[in-house]
Amino acid sequence: MDVPLFQYKTTVQICNSILCPETRVRKRKSQENRLLRKLIKPEIERERLKAVNSIVSIVFGTRRIAWAHLDRKLTVLDWQHKECCHLVRGTYTSSVYLEEISPVVSKMPKADFYVLEKTGLSLQNSTLFPILLHLHIVEAMLYALLNTTFAQSGQHQVLSMNRNAVGKHFQLMLGDSRTSGKELVKQFLSDAALKEEPRVFFPSDKIIHYRHMFSATDQYRIEELYDSLLQAVAFYELAVFDPEPSNSDH
């Protein structure tokens, strides 16, 4: 208590961290779990996340579905987009959604988890209701079609990931809005060809194909394609790999 500027509560915290280090570990794990709950739904055991070998990251809009299949080394094993389920105002026939989405799902690779983008569109804006309804139907279809073992195991294989959290991870947020990740993905492709240790790996036999695919989207700005890759990278860096210790841990 004689140390200048040390208050009673600070002294107690410091003594506890020295005498009871396990309390500090529990607190850090509790903070990690709280952050994970904000990032991913439904809640998944940390052990299952840390043991993941590959994921398929899926982003869908009002015209198409895109997915990126990445392993834990951040190697892009598959990356595609398909025109699917065009939003038609006023008609939401479930059988049509099933007929359009099923063939797309059949082309998706097998993975430990399927990660869907969870949009942050507000229910307060009534003009967005048709888009929200469309996105919810597609999301429900994907949950049902991809969770093939849920009835037997009770274990979720399909997760939803917060879109804005991904945007913040890559510094793509402008206020409450997320900007395009196109230039960042372009940089990933460039780094994969030029750097020895790029952030994202593209197999040498596929990198030309992916660069051509990216160039072909230049005119149309296929954001779902870019976002599916960014979401996969963010999933590994935020949920699977050990987070960097914060300054308070030193």
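Threonine 75 is buried, with a relative accessible area of 16%; buried here means under 20% relative accessible area, exposed means over 50%, and partly exposed is in between (1.4 Å probe, protein chains only). You'll find threonine 75 in the loop between β3 (64-71) and β4 (76-83). Helices (H or I, at least four residues) and strands (E, at least two) are DSSP runs, numbered from the N terminus. Leaving out residues up to four places away in sequence, threonine 75 touches His69, Leu70, Phe201 and Pro203, where contact means heavy atoms within 4.5 Å.

A quick word on what you're looking at: this is a predicted model, in which local features need pLDDT of at least 70 and side-chain atom pairs count only at pLDDT 80 or more, while totals for chains, interfaces and linings use all residues. Residues are numbered from 1 along each chain as its sequence is written, and side-chain values use heavy atoms, with hydrogens and water left out.

Now for the charged pairs. The structure holds 10 salt bridges, each being a side-chain nitrogen of Lys or Arg within 4 Å of a carboxyl oxygen of Asp or Glu. Here are some of them:

| Salt bridge | N to O distance | Buried acid, relative accessibility |
|---|---|---|
| Arginine 163 and glutamate 117 | 2.9 Å | Glutamate 117, 8% |
| Arginine 163 and aspartate 227 | 3.1 Å | Aspartate 227, 5% |
| Aspartate 191 and lysine 195 | 3.9 Å | Aspartate 191, 14% |

Arginine 163 sits in helix α7 (residues 163-169) and glutamate 117 in strand β5 (residues 113-118), so to speak distant parts of the chain, 46 residues apart. Aspartate 227 belongs to helix α10 (residues 223-240), 64 residues from arginine 163. Glu117, Arg163, Arg178 and Asp227 are linked in a network of salt bridges.Next, the domains. The protein splits into domain 1 (9-41) and domain 2 (45-240), with bounds that come from an automatic or database domain assignment. Their C-alpha centres lie 32 Å apart, and the contact takes six residues from domain 1 and 11 residues from domain 2. About 660 Å² is buried between domain 1 and domain 2, with carbon and sulfur atoms giving 66% of that area; buried area is the accessible area (1.4 Å probe) that two parts lose on being put together, summed over both.

Between domain 1 and domain 2 the salt bridge count is zero. On the side of domain 1 that touches domain 2, α2 (21-39) and β1 (40-41) each supply at least two residues, and α2 gives the most, with four residues.
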